[in-house]
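Here are my comments on the model, set out as numbered points. They move from pairing in the sheets to the cores, the contact between the chains and the confidence values.

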Amino acid sequence: MFTSIKQKLRKIVFLEHKPESGEVFLSQRRVFTLPSKPGLVFVVLLLLMFLGATNYSLNLGFGLTYVLGGVAMINVFYAFRNLAYLHLLPGPAKAVFAGEETEFTVHLINRRTHPRYAISVGFADKGHPEKFVDIAADSRVAVQLSYPTTTRGLQAIPRIRLQTSYPLGLLRAWSTWLADSHALVYPQPETNAPPIPMSGQGKKTEVPGHAGDEDFAGVRAYQAGDSMKHLAWKQIAKVDTLLGGQLVTKQFSGGSGSDVMLDFSALPGSMDTELKLSRMTSWVLEADQRDLMFGFRLGHITYPPANGPEHCNSCLRALALYDR
Amino acid sequence: MKTPLFRTILSRDKSDTLLLIFACAFVLLPHADHVAWWVNACCALLLTWRGWLTLSGRRLPPAKLLLPIAFLMMACVYLTYRTFLGREAGVTMLVLLLTCKLLEMHAKRDLFVVVFLGFFILLTSFFYQQTILAAILTLTGLCLLLTAQLSFHYTGVVPPLKQRLKFGATILALAIPLTVIAFVLFPRIQGPLWGLPGDAQSARSGLSSSMSPGNISELAQSEEIAFRVKFSQEIPAKPLLYWRGIVMDKFDGRNWSHEDRRSLYKKEQTPSWISYTGQPIVQEITLEANGQNWLFALDMPAGKTEIEASTETSAVTNLQMETRREQNTYERIKYKIKSYPNYQLEANSSREMQTQALQLPADYNPRTAAFAASLRQQYRDDVQLITAVLNHFRREAYSYTLEPPLLGKNSADEFLFDTKAGFCEHYASAFVLLMRAANIPARVVAGYQGGELNSVDGFLEIRQSAAHAWAEVWLEGKGWLRVDPTAAVAPERVQQSLNYAVQRQGLAGLMNLSPAGVSFFNQIRMQWSAANNSWNQWVLNYNQSRQISLLNSLGFQRIDWTQISLLFFGIASLVLGLMALPLMRNQPHVTALDKVYFSFCRKMEKKTAARALHEGPADYLERLRTSLPATEFENAERFLKLYASARYGKDPGPESTLIRRLKTLLAACR
């Protein structure tokens with residue numbers, strides 16, 4: 001209950017509520033300042049100095065105490081100015097597989113004529129490392145923040161906190177920002193997944209495609225005796241044999257050559273949905289790696305056989321967002 | 001071969017730490033003067049060690065090495081002061097704590113501990129000095145500490161040291177207006193809040209209530225200011241400037257001392273034993289701390305003495321016309337006192353009532369007694385006798401010197417008949433003894449004589465070197481009369497300033513050699529003295545009652561501390577707001593190219609039409625075509641075309657030449 005009150009308070013006092021899209025301007029109202037722990041000790045020190053100066057009637061002691069008090073006030077301005085009037089622009093969030101860390105890019109734009117120093121950028125909830133950045137006058141800086149992912153789907157980027165205790169460390173100025181950004185999290189690929197269901201192995205619902213020697217079905221590792229004609233030069237060009245890359249041979253479907261169809265509904269119904277999705281993911285990845293032409297079916301989505309990164313990405317995306 | 005140490009650029013950590021060590025050393029420096037010698041040695045050693053550790057990149061010493069050092073030093077503090085309490089011991093502990101803490105810095109928290117300790121040590125240095133120089137030194141130390149503190153807060157890019165120092169100084173400078181407001185308006189409480197430790201007041205120089213041969217001449221070597229006087233009318237002539245202090249009428253054979261006769265204290269406004277004639281001289285005296293409760297005033301003080309900013313109602317004047325306050329003067333005070341140069345003191349008294357002023361110890365100074373007896377035989381009249389003694393001083397080879405020879409048991413005898421050289425206290429003492437031996441009531445008065453007018457601020461400055469002793473004799477029907485035997489020997493001592501008799505010490509003595517140097521040096525000395533005086537009057541003397549009287553004079557009647565607080569917070573927030581404006585204002589970054597363009601637009605605006613905000617250079621040009629005369633338009637067209645190509649064109653060429661060309665075109669558009 002206490003935490004919920006605290007959260008409500010944060011919403012009211014620190015304006016932490018809805019996600020914001022697009023560029024955000026840190027206006028005066030959004031930057032908050034409170035004394036840091038050393039700052040509180042400093043206040044006690046000033047009190048002691050005031051008492052000392054009073055007791056011994058040290059007029060210059062009063063002067064020194066007031067100068068330090070004034071310095072603390074000026075420090076408030078500088079700390080505030082170090083953070084306020086900054087523009088924030090959300091960058092892309094890297095799509096990752098569940099369990100990996102997504103990387104979210106934040107652009108900090110300083111349109112002012114003074115440089116800003118030692119601004120820490122990080123996620124507001126505890127336990128995440130912060131990054132310190134300096135932004136020169138009239139320039140911008142990109143910061144990449146990584147955040148762990150656990151489940152597939154669109155994961156909202158959590159609240160980001162910017163804070164600074166520059167210049168004197170007596171005060172913490174901070175502001176938070178909930179960007180309307182999401183990271184796409186693909187299902188975790190199944191480790192040691194069974195091989196891709198080639199035609200015949202998988203349950204076929206479609207009419208088998210036209211068979212023939214000329215039907216390109218994918219590539220496989222080069223084996224001695226393979227015809228030079230069948231070497232997959234396109235793929236070989238991408239690998240460096242010196243680094244242990246292998247020659248690959250184009251594989252053609254034999255007489256009953258058929259398309260690979262990755263079909264979610266073809267997987268046994270008793271299997272856990274997430275596991276099925278994991279398996280599909282690992283198959284998509286494998287098919288992409290082998291540059292196979294493959295079709296894809298998941299619920300209402302059906303993609304005709306194709307290959308290439310775009311096809312692969314749309315399949316992964318569909319897997320990530322299935323039922324979400 | 002150069003050592004690689006000074007050739008490589010220090011790493012950031014090292015340079016930050018070195019800056020902090022330097023700042024701490026600077027803060028400790030003012031204390032070197034008064035802490036024990038071993039403390040200085042320890043601090044120097046530890047700081048050097050710390051510096052070496054930093055430079056060579058070694059680890060800080062472990063706690064098991066530091067703790068014994070710290071305990072050893074604490075034991076030394078106890079052995080030196082026999083206590084941990086009190087001001088001296090406390091300051092010493094703080095100084096040692098700071099140096100030790102520098103060797104035990106592991107986290108950012110330790111940085112704050114060091115810096116905060118530094119701030120506090122700056123405060124304690126005011127126990128010893130609150131001069132202008134001390135204030136400047138403190139501000140410098142503060143600037144260094146702040147720079148060190150902010151240096152630790154950079155995380156990536158660190159500006160060069162010069163820039164950081166400038167930033168530290170800027171923060172400090174911006175804090176000054178607030179400081180002034182707080183100093184004037186922040187509610188004050190009159191201290192002390194708790195009992196001061198016994199050693200809170202250090203020894204101070206000044207006249208004391210007893211006089212033995214040699215102690216005034218010792219004081220006369222000091223150029224310290226005893227007090228400053230502001231007259232509300234013209235300054236009296238120098239021979240009238242006898243600042244009455246302590247009356248000494250008890251002689252034990254060697255020392256003259258003041259006899260405290262409390263019963264004589266009267267709080268009456270106009271005492272019956274004295275009458276005044278003529279116009280009073282009103283003096284406003286700022287007395288420096290001297291650890292005694294005597295107040296000084298021109299001969300002869302009258303009426304009430306008002307001590308400003310004090311809980312004491314007034315000081316009282318006793319039968320002997322000494323003015324004393326209730327407590328000792330440990331801080332500079334200011335008081336107003338009235339004096340009449342023409343007076344009759346105890347004129348109606350009888351010789352029988354003045355027995356105290358005739359008291360003589362029996363077995364001292366037989367030759368003096370014999371000399372007095374012979375004079376008495378010669379002169380029946382008291383006035384004639386006095387004149388004869390003064391003439392004796394004048395005629396015989398008596399000399400006036402700051403370094404009189406040492407005297408034995410019968411000091412007056414030896415002085416009068418053997419050495420014949422002495423300072424004012426010798427003359428006054430011998431004169432009074434002669435008078436008493438001749439049955440004339442007499443006593444010694446100690447105080448100051450003369451003074452130096454500061455032409456800069458119009459204050460009369462009385463230094464310790466003006467300390468003087470003279471005599472008073474009581475004559476039937478006339479009362480107590482002032483007689484200054486020193487004036488008979490060295491009239492210039494009284495007529496002019498003391499400088500004649502006393503060779504200035506040190507630099508001042510050297511500067512006296514050339515007459516041109518004297519005036520130049522004196523000018524500077526007076527300026528400096530006047531600056532110190534204003535500092536004392538306005539900064540150091542400012543306190544609760546002055547604060548209230550200042551506010552009263554500004555029209556805030558019957559103001560209490562809550563209203564003062566409100567006033568302070570009101571004005572302080574106003575000033576803070578005003579200061580925040582330029583700091584927070586966004587100055588949009590304008591490129592040099594645009595600056596020229598904007599000044600062109602301003603020029604055209606004055607001539608014909610202002611550029612609309614949405615208008616680009618091409619549209620503006622079209623509008624100018626209709627409103628400008630043909631010759632002027634030609635220049636404007638060339639300018640705008642060049643600007644447009646420089647701003648938006650592909651590969652416009654180096655910017656500096658473009659700007660130069662634009663500027664010449666701009667100058668052409670008249």
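1. A definition helps before the strands are discussed: two strands are taken to pair if DSSP finds at least two bridges between them. With that in mind, in this predicted model Ala156(A) stands opposite His182(A) in β12(A). The two strands concerned, β9(A) and β12(A), the latter covering residues 182-186 of chain A, run antiparallel and are joined by four bridges.

2. These strands belong to an open sheet of three, with the order β4-β12-β9 in chain A and mixed pairing. Its edges are β4 (96-97) and β9 (153-156) of chain A, each of which pairs on one side only. Helix α6 of chain A, residues 309-321, packs on this sheet and touches both β9 and β12 of chain A, its direction making about 95° with that of β12(A).

3. Strand β16 of chain A, residues 294-298, deserves a separate look, and one may ask which of its residues form the covered face and which the uncovered one. Phe294(A), Phe296(A) and Leu298(A) make up the covered face, whereas Gly295(A) and Arg297(A) lie on the uncovered one. As a general matter, side chains in a regular strand alternate between the two faces of the sheet.

4. β16(A) has a parallel partner in strand β15 of chain A, residues 260-263, with four bridges between them, and within this pair Leu262(A) stands opposite Phe296(A). The chain passes from β15(A) through helix α5 of chain A, residues 273-289, to β16(A), and this β-α-β crossover is right-handed.

5. β16(A) also pairs with strand β17 of chain A, residues 301-306, here in the antiparallel sense and again over four bridges. Arg297(A), which lies on the uncovered face of β16(A), has Thr302(A) in β17(A) as its bridge partner. The two strands form a hairpin with two residues between them, and Gly299(A) in the turn has a positive phi of about 60°.

6. Turning to the interior, the largest nonpolar core has 109 residues, and those with the most contacts inside it, Val71(A), Leu319(A), Cys24(B) and Leu145(B), come from both chains. Helix α3 of chain A, residues 59-83, supplies the largest share of this core, 13 residues. Leaving aside residues up to four places away in sequence, Val71(A) touches Leu146(B), Ile171(B), Leu172(B) and Ala175(B). Apart from this core lies another, of 79 residues, including Met300(B), Val389(B), Ala412(B) and Val444(B).

7. How many residues does each chain bring to the contact between them? Chain A gives 44 residues and chain B gives 47. On the side of chain A that touches chain B, the elements giving two or more residues are α2 (37-55), α3, β6 (116-123) and β7 (131-135) of chain A, and α3(A) gives the most, with 17 residues. The predictor assigns the complex an ipTM of 0.79 and a pTM of 0.72.

8. Finally, the confidence in chain B should be read region by region: its pLDDT averages 82, and 89% of its residues score at least 70. Within chain B, confidence is highest in helix α7 (residues 132-151), at a mean of 95, and lowest in helix α1 (residues 4-7), at a mean of 40. Over residues 1-8 of chain B the pLDDT is below 50, and this stretch has two contacts in the model beyond near neighbours in sequence. Residues 497-516 of chain B also stay under 50, although the model has 22 contacts for them beyond four places in sequence.

How values were computed. Residues numbered from 1 in each chain as written. Chains lettered and ligands numbered in written order. Predicted model: local features only at pLDDT ≥ 70, side-chain atom pairs only at ≥ 80, totals over all residues. Core = buried A, V, L, I, M, F, W, Y, C linked by C-beta atoms within 7 Å. Buried ≥ 20, exposed ≤ 12 C-beta atoms within 10 Å, placed from the backbone. Contact = placed C-beta atoms within 7 Å. Right-handed = clockwise from strand over helix to strand, strands pointing away. Axes fitted to C-alpha atoms, helices over the stretch in contact; angles between N-to-C directions. pLDDT = per-residue confidence, 0-100.
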